[in-house]
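User: I have a structure open and a few things to ask about it. Can you walk me through the main features?

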Amino acid sequence: MLSSRLVKPLLQISYILLVLGTFCATLLSCVAILSQAVRTAPNRSWNKNFNALIIGASYIILLIASIFFCLKRTIAVRIKLSRFSRTHKTITRGDVPDSVHKYITEEYARTCLIAHQSQPTDAFHEGWGKPGGQYEGVRFRRALLDTISKIDSLAHLVIPTHPPLKPHARMIHHFRFILPLLPSNEDELTPLHYYDSIVQLARISHQEPTEEEFELGMDSADVIMQALNECRLEMLEGSSTQLNQVSEES
């Protein structure tokens, strides 16, 4: 496919060749007809040859008319092109004829309607939030696994000697030292137990987590982080109290 840089020169060359070809063909026809007029004249001469005069005058008028129409067309096109705005602006009703403005408005409305109707309404991709829902654009597996590093950072702030996180460690084993800080239900299960189960599903299951599993895992993670934050705040308050006592005694 030709580039835009080559198309314009080729069009100009083609136009020049077309004009030259037309001019040469017209000139040859004029010479041929004039020579025929001379041959068919009674005196076989240019003198007092009325037919040759008429033929010559006709071709001169044709040349003048052709030049006139070419110049008129060129000037009209340049004037119309000069009226086009170089900057982007909104087309109003007064810029174009009413029929054109009506057609543009109808086509724009039709395009908007098609674009609206083509939007997915009940689309569902397994492991992702539903479009237009609370978790739109959220991948459940990735969001659940991202909470591990957040909880681990908070656990190290509360317990500086907390063991480092291993890639495939069970959450119930890795965060075993914060179990006493978490509330439990009547079955003696803490949010860490639920969180451990959901994380294991997100890690090793071939199926993507469902929205219910995602909500359970995120709720458990929020409870764990809230408990760690409360414990950290209590530690900071205790440290500030001890510092105040020491400063008063000194």
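Analyst: First, a term. Helices (H or I, at least four residues) and strands (E, at least two) are DSSP runs, numbered from the N terminus. By that scheme L71 lies in helix α2. This is a predicted model, where local features need pLDDT of at least 70 and side-chain atom pairs count only at pLDDT 80 or more, while totals for chains, interfaces and linings use all residues. Residues are numbered from 1 along each chain as its sequence is written, and side-chain values use heavy atoms, with hydrogens and water left out.

User: Which nonpolar patch residues are on the surface?

Analyst: F23, L27, V31, L63, I67, L71, I75 and I79. Together they have about 750 Å² of accessible area (Shrake-Rupley method, 1.4 Å probe, only the protein chains shown count as cover). Patch residues have over 30% relative accessible area and no salt bridge; nonpolar side chains (Val, Leu, Ile, Met, Phe, Trp, Tyr) are joined within 5 Å, like charges within 9 Å.

User: Which element gives the most to the nonpolar patch?

Analyst: α2, with five residues.

User: What volume does the largest pocket have?

Analyst: About 510 Å³. A volume is the space filled by probe spheres set on grid points, joined across faces, edges and corners. A pocket is an open set of points on a 1 Å grid over the protein atoms alone, where a 1.4 Å probe fits, with protein on both sides within 12 Å along at least five of seven lines.

User: What lines the largest pocket?

Analyst: 16 residues, with T22, F23, T26, L63 and S66 nearest its centre. Lining residues have an atom within 4 Å of a point. α1 and α2 each supply at least two of them.

User: Switching topic. How many disulfides?

Analyst: Zero in the whole structure. The cut-off is a pair of cysteine sulfur atoms within 2.5 Å.

User: Why is C70 not bonded to C24?

Analyst: Because their sulfurs are 15 Å apart, too far for a bond. C24 holds the closest cysteine sulfur to that of C70.

User: And how many salt bridges?

Analyst: Five. That takes a side-chain nitrogen of Lys or Arg within 4 Å of a carboxyl oxygen of Asp or Glu. One of them pairs E107 with R110, at 2.7 Å, N to O.

User: Where do R141 and E208 sit?

Analyst: They pair at 3.4 Å between the closest N and O atoms. R141 is in helix α4 and E208 in the loop between α6 and α7, 67 residues apart. R139 joins R141 and E208 in a network of salt bridges.

User: R141: buried or exposed?

Analyst: Buried, at 12% relative accessibility. Buried means under 20%, exposed over 50%, partly exposed in between (1.4 Å probe, protein chains only).
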